[in-house]
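Got the viewer open? Here's a short walk through the chain, stop by stop, with a note on what to select and what you'll find there.

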Amino acid sequence: MASMISTASLGYLSFKRPNRFNNGVGATSGSGVKAMRAEKPLEELYSVRVERKVPKERLTELGVSRWSVWKTGKCKLAWDWQVDQLVYIEEGEVRVVPEGSDRFMQFVAGDLVRYPKWFEADLYFNGSYQERYSFRAYGDDQ
């Protein structure tokens with residue numbers, strides 16, 4: 001098809017085709033489909049590890065019931081981690097927006113999250129929130 005042009009550059013893929021095929025859906029300037037880019041998950045980009053719906057046995061193995069408790073209500077906090085921190089969310093949810101990003105990670109009750117040392121983010125709590133936390137030593141991979 002002579003009217004279809006495919007180009008790839010800098011991680012973007014763009015396809016152009018005649019207007020009669022796109023009906024204005026996803027079109028840019030009426031000449032083609034919007035360029036799309038595959039983005040890595042933020043957890044991978046910032047080395048934040050998460051385990052969802054953690055089984056009771058895993059919590060017992062980690063000794064979560066002996067960790068310190070932190071609570072808050074609806075608020076926004078700027079935070080930076082001076083050490084690795086392991087967090088088990090007992091109640092509520094948090095949106096984590098890394099410094100300089102317009103995307104966010106969302107963690108909810110039942111998630112076990114490991115934040116790396118020197119990570120900086122804004123934390124958004126929409127209501128009652130409670131977590132248990134433990135500071136981790138370098139190289140401690142639990």
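**Before you zoom in**

Keep in mind that this is a predicted model. Colour by secondary structure to begin: the chain has 12 strands and 3 helices. It runs to 142 residues, and 30% of them are buried. Switch on a surface and you're looking at about 9500 Å² of accessible area, with carbon and sulfur atoms contributing 52% of that. If you like contact maps, take the contacts between residues at least 6 apart in sequence: 70% of these join residues at least 24 apart.

**Stop 1: the five-stranded sheet**

Select strands 4, 10, 7, 12 and 5, in that order. They make an open sheet of 5 strands, paired antiparallel. Which strands stand at the edges? Strand 4 and strand 5 (68-72) do; each has a single partner strand, so one side of each has no neighbour in the sheet. Look at the twist while you're here: on average, neighbouring strands of this sheet are turned by 25° against each other, direction ignored.

Now zoom in on the strand 4 edge. Strands 4 and 10 run antiparallel and are joined by 3 bridges. To see one of the paired positions, pick Arg49 and look across to Arg114 in strand 10, its bridge partner.

**Stop 2: the loop after strand 4**

Follow the chain out of strand 4 (49-51) towards helix 3 (56-62), and stop at Lys53 in the loop between them. Is Lys53 buried or exposed? It is exposed, because its relative accessible area is 76%, over the 50% cut-off. Check its backbone too: Lys53 isn't a glycine, yet its phi is positive, at about 45°. For context, most residues other than glycine have a negative phi.

Step along to Val54, in the loop that holds Lys53 as well. Val54 is buried, with a relative accessible area of 9%. What is in contact with Val54, once neighbours within four places in sequence are left aside? Show Leu59, Tyr88, Gly110, Asp111 and Leu112 as sticks and you have the list. Try a distance label on Leu112: its C-alpha atom is 6.7 Å from that of Val54, although the two are 58 residues apart along the chain.

**Stop 3: the aromatic cluster**

Next, select Tyr46, Trp81, Phe107, Tyr115 and Phe119, which form one aromatic cluster. The whole structure holds 9 aromatic pairs. One to centre on is Phe107 with Tyr115: the ring centres are 6.3 Å apart and the planes meet at 80°, so this pair is edge-to-face. Both partners are hidden from the surface probe: Phe107 is buried at a relative accessible area of 0%, and Tyr115 is buried as well, at 4%.

**Stop 4: another positive phi**

From Tyr115, walk on to Trp118, in the loop between strand 10 (112-115) and strand 11 (120-125). Trp118 also has a positive phi, near 75°, and isn't a glycine. With 55% relative accessibility, Trp118 counts as exposed.

**Stop 5: strand 12**

Finish on Arg136, in strand 12 (residues 129-136). Would you file this arginine under buried or exposed? Arg136 counts as buried, because its relative accessibility is 11%, under the 20% cut-off. Show its side chain together with that of Ser134, and you'll find a polar contact of 2.8 Å joining the two.

Key:
Residues numbered from 1 in each chain as written. Heavy atoms only, no water. Phe/Tyr/Trp six-rings, centres within 6.5 Å; stacked < 30°, edge-to-face > 60°. Buried < 20%, exposed > 50% of the residue type's maximum accessible area, 1.4 Å probe, protein only. Helix = DSSP H or I, 4+ residues; strand = E, 2+ residues; numbered from the N terminus. Contact = heavy atoms within 4.5 Å. Areas by Shrake-Rupley, 256 points an atom, 1.4 Å probe, with all protein chains shown as cover. Polar contact = N/O pair within 3.5 Å; in protein donor to acceptor, adjacent residues only side chain to side chain. Pairing = 2+ DSSP bridges. Axes fitted to C-alpha atoms, helices over the stretch in contact; angles between N-to-C directions.
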